[in-house]
Structure formats: structure tokens, C-alpha cells
Amino acid sequence: MRYVACLKVTPKVDQIRFDEVKKAIAREGVENEINDADKNAIEAALLLKDRHGGSVTVMTMGPPSFDPFLKLAIAMGADEAILLSDRSFAGADTYATSRVLAAALNKLKEYDLILCGEASSDGSTEQVPASIAEWLGVPRVTYAIDVDVRDSKLVSKRSIQGGYEIVETGLPALVSVELGSNSPRFPDFRRKRWAESEYRSTVWGIADLGFDPVEVGLQGSLTSVEELRKMASPARKGELVNGTPHEVAARLAQIISSSGH
Amino acid sequence: MEQTDGVLEGVSLEVLGKAKEIADRLGVSVVALLLGHDASGIANETARRGANVVLLADSPLLKDCTIEAYLKVLLPLVVKRDPAIILFGGTHNGTGLAASLAVRLGAGLMAHVVDLEVNKDTGTLLGSVPGFGGSIVAICRCKKWPQMATVRPGVFKPLPAGNSSTGKVERVEVSITEGDVKCRVIERSVAKTEDISRAERIVVAGLGTKGDLVLTQKLAQALGASFGVSRPLADKGMAPRERVVGSTGYSVNAELAIVAGVSGAAHFASGIRSAKTVIAINSDPNAQIFKHADYIVTGNLFEVLPELIAALQASGGSSR
């Protein structure tokens, strides 16, 4: 069994600032991290490997500066890392992103289960997992809380509105893993040192995947951003309610009884 | 249109209402696509809520939404009609289906829009797409037609039944076989859930409750209010996901939101933007949440809430 976890390196959302003059996102000094839900996807893959054997490959699309995050996944226990890196891949929307990831999976040829996080913390489109599956023509199970492989089938509990369902499908398949559905393990310290000094990720560029530059990145995207705006927060009163808990409660009760009437 | 076990998803009616508004502006008609089993009842409802035509694909194989089978039925219907715009509710199944269809059509897909504007002359659709936890909104468009978007639940209003003229329901032939259903649903458990985006009053608990939700739930009860949580509490399994307030959950539109023990990061704050009055209680005087509050209580919620519950009970606070 080969499990492939696709991950995204995202800026830490709480460090993001909006430059009101340039109408752009100020990324200077903002730290990156492996997207939270993707850590859950890596952990789900590692749990399957622990349980059933096999290998875990991790894959991301991004500049060479993202390689340390792949090494982090190696230190967590992944066996192999692939960096999809090319200037022409930049600026991709979910259509162009999923297209490149799917092409890399096709180049790998052998994969049994592809795991993604349910969504990224920056874009939050939730589109990439199902899109990759569609490019590859494999069945997809999204928002999985629990992932297992039994008798060469994916058996997965997934969350739906108001509850859950258990879905079964043949392999190869793709599953997107819900944020917080497991506790990602910490990187192993010695393996991390080894990965940093000895391990070399496989790097594939546009020529390796056989694309024309117009098919990928910004040019290959089918949506465009016209403008960025800071989401205006509504004006709030910001009135301080002070006093003993008893006094505060009395004032709040007053506010509550006059609200919405 | 999306259904689960024969019940229409609320967001589908919201999407339909918006579709009708856009179609009226462009002078075109709204075609609703409904896939399911024994679904003529909800097809008729769809026809009363803004659709000019409802295409109903009714088959036991379509009872459960599985993307591969649904896509196989949906694709030829869409291709034949060649629409300018295709909208989906931004639910789990709606998003998966929309993303798959977009790849197949080679169409751009805007994610979880909170607003849609159409240019009357060009037909170009502009979508407001929240990003970075909802602190920034990108005004997006699709580079070619059809233009596609998933719509965030709770932002648009459904049309009241029968307000507009009733549309026509057309049954379409379903020619898929069992082999086209790649994912088999072997078990499902769905509880009747409350739509927190529709609550008039809501109490929201955060990590400051230390996972002890008794007091916040009591307060909700005393107020006759709905109950929500911040995402970390749901991740710890303290509450189901349909109670999450914020960019990874629901936006609340309540007259009153009482937010207890929530730090107030951007991804949470975007979820209470449409609340009319916000009361925030937090022990940290520098908590971010206070920037988004009308009334600021710096204090221990374990001391304040029991007093508040007592005060409300004394004044008959739940007598709404």
C-alpha cells in the first residue's frame, strides 16, 4: 500500500495583515506552517501505515523554501517527499492546483489512497480534494473523521450535516480528512536531524509533468481576483461593563431585555 | 438543490432565492436540478421557491448523494442547458460536487461566496469570497462561462413559498446503473439539528470555559437562546460541528450574541459580524474579542454567569 498525503504550506492566518494602501496581503515577516487539516491527513496516513504496513509519500506544490515542511513530514514518519516546484506554478487557483497535483500522482503511477486535509486555513475553498479525484477519475470521500482500509477497500466515517455516514469504496481512492479528527504526532527529533542533513526530496517542475505554461499557475487558473478588501467589521459600542459579578449581571440583564425589541 | 433523506437543505432554498434575483436581473430563467429518490414533494416545493423549471432525477441509486453517481447524472443535464451561472450550497456534499463538476466542465469555481453581484449587460458574476479566516474578502470572477460558485449557508434569504409564480417540474430519465455508484453509504446517523445561523439569540462558548459547558448551556436555556461554540471546542469533541461559529462553521444573524471565554481570532470574529448586539465575557482584558463587542465584561465567567442566570430567572428572562 502506498499512501500519498497532499499538503499545503500556509501562512499563519493570525499573522496576516492587510495593506490598506496596496490593497494586498502583507506577507513580510509572516511565518509559514503545514496547514492544520493537512497535518491530520499526514497523521491519518501514518496511522494506516502503522496498522497495515506500506509507505507514506508526502507531496506539496510550492517554492523551494517549502522543502523544510516536507522534511518535517518525513520526521513525523513519512518515507518519501515530493516537491512540485516551478515558477510557472505560482498564482494557481484550485483548478490549476488540483491539475498539477493530479499530474504528479499520475506520474507516481502507484498509489492506493490519497489523503488531503479538508480545507486550507488561508483559502478555505475545500475544493482541491474532490478536484484532484476528478482529474484522476478515482472515487472520493470528503470530510472523513475516521479512515481505514479493510479488504482492499476504503471504509470511512465522514461528517455530514447533523451527523455522520459510513462510506465504503474501492481503491485507489481519495479521502479528505477533517480538521481535528486525530492528534498529529510530533516530528521525531533524531529523524528530523537526519532528514534535514541527509534526505533529499524529489523535485518535479513543469517539464517533468509535461504541461504547457498556459495550463498551470495563474495562466491556467479559471478564476481571478479583481480586488481584495478588508472585511469591514461593524461598528461596535465597546462599552465597558464593570463592577462586582452581581452588578455586572444586573446590567447585562438590562441590556438583554432591551436587545432586539 | 440538495437533499438528505428526502429533506431539502436550507441553504439550497437560499441559493434558489438568490438565483431568482440574478435571473430576473438578466432576464433569464432559473432551472433547479434536484437529484434524489421519492423526491416529488420537494421538487414541488422547489418549484414554489423561485425555480422556473425543476429538473427532477429520481432514482433509488440517487437516494444518497455520492459524487460519482450524481456527477454522471448532472453533467449531461448541465451541458445540454449551457447555463451562464451554476450555484451550489456550500455544504460538504455541495462543495465536493461543485468542485468535481468544475473540473469536468473546465469552469472556474468561486468558493463559499457571501455576496454575488451580476452585471446586467455583460452577465459577469462577481463573487465576494472570504479568505484568511474571514478577515479579508476577495472580489472574484470566473474567466469563462459557465460561471460557478458555492454559497455560504446563512447569508442569502430564501423566497417565501408561493410568493413568485410556481415553476414546472420535469422528470428526467436516469440511465445510471449500480456500477456507477462508486461510494456506498453503509450507515448513516443524522440527528435533527438546529440551524444556529437562524437563531434570534445565541450563547457561544469558547476555550475559556475549559470545556465545562454547563453554565453557558444554562444561560442559553434561561434566555431561550441557541447554543454555539468556537472551533477548538468542537475539535475536542465537546460539541458537534453544526454548532461551530466562525469561518469554518456558521455565521450567526442573531439579535443578541453572548460570547463567553472566546479569545476572538479573525476566523471566529467573522462569524459574529452580522449579530446585532454582542456581549463578550473574557478574563483577559486584552482579548481580541473585545474589539468585536458592544458590551465588554472583563471577568471570570464562572463568577459572572451564575449571577446572570439568577438575574434572568428572577426577571423572567425566558418569557419570550
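This is a short talk on Glu239(A) and on how chain A meets chain B in a predicted model.

Okay, let's start with Glu239(A). It belongs to strand 15 of chain A, a short stretch covering residues 239-240. So is it buried or exposed? Somewhere in the middle: Glu239(A) counts as partly exposed, because it has 13 C-beta neighbours inside 10 Å, and the buried label needs 20 or more.

Now, who does it touch? Leaving out residues up to four places away in sequence, Glu239(A) has contacts with Asp294(B), Tyr295(B) and Ile296(B). And here's one to look at on screen: Glu215(A) is 24 residues from Glu239(A) in sequence, yet their C-alpha atoms sit 54 Å apart.

Let's zoom out to the interface. On the chain A side there are 67 residues in contact, and they meet 80 residues of chain B. Several elements of chain A give two or more residues to that side, including helix 3 (94-108), strand 9 (140-150), strand 14 (223-230) and our strand 15. Which element gives the most? That's helix 7 of chain A, with 10 residues. If you sort the chain A side by class, you get 30 nonpolar, 23 polar and 14 charged residues.

Last bit: strand pairing across the chains. Strand 11 of chain A, which is also on that list of contributors, pairs with strand 12 of chain B, residues 183-190. The pairing is antiparallel and runs over seven bridges. If you want a spot to click on, take Glu168(A): across from it, in strand 12 of chain B, is Arg184(B).

That's my tour, thanks.

Methods:
Residues are numbered from 1 along each chain as its sequence is written. Chains are lettered from A and ligands numbered from 1 in the order in which they are written. This is a predicted model: local features need pLDDT of at least 70, side-chain atom pairs count only at pLDDT 80 or more; totals for chains, interfaces and linings use all residues. Helices (H or I, at least four residues) and strands (E, at least two) are DSSP runs, numbered from the N terminus. A residue is buried if 20 or more other C-beta atoms lie within 10 Å of its own, exposed if 12 or fewer, and partly exposed in between; C-beta atoms are placed from the backbone. Two residues are in contact if their C-beta atoms, placed from the backbone, lie within 7 Å. Ala, Val, Leu, Ile, Met, Phe, Trp, Tyr, Cys and Pro count as nonpolar, Asp, Glu, Lys and Arg as charged, and the others, Gly among them, as polar. Two strands pair if DSSP finds at least two bridges between them.
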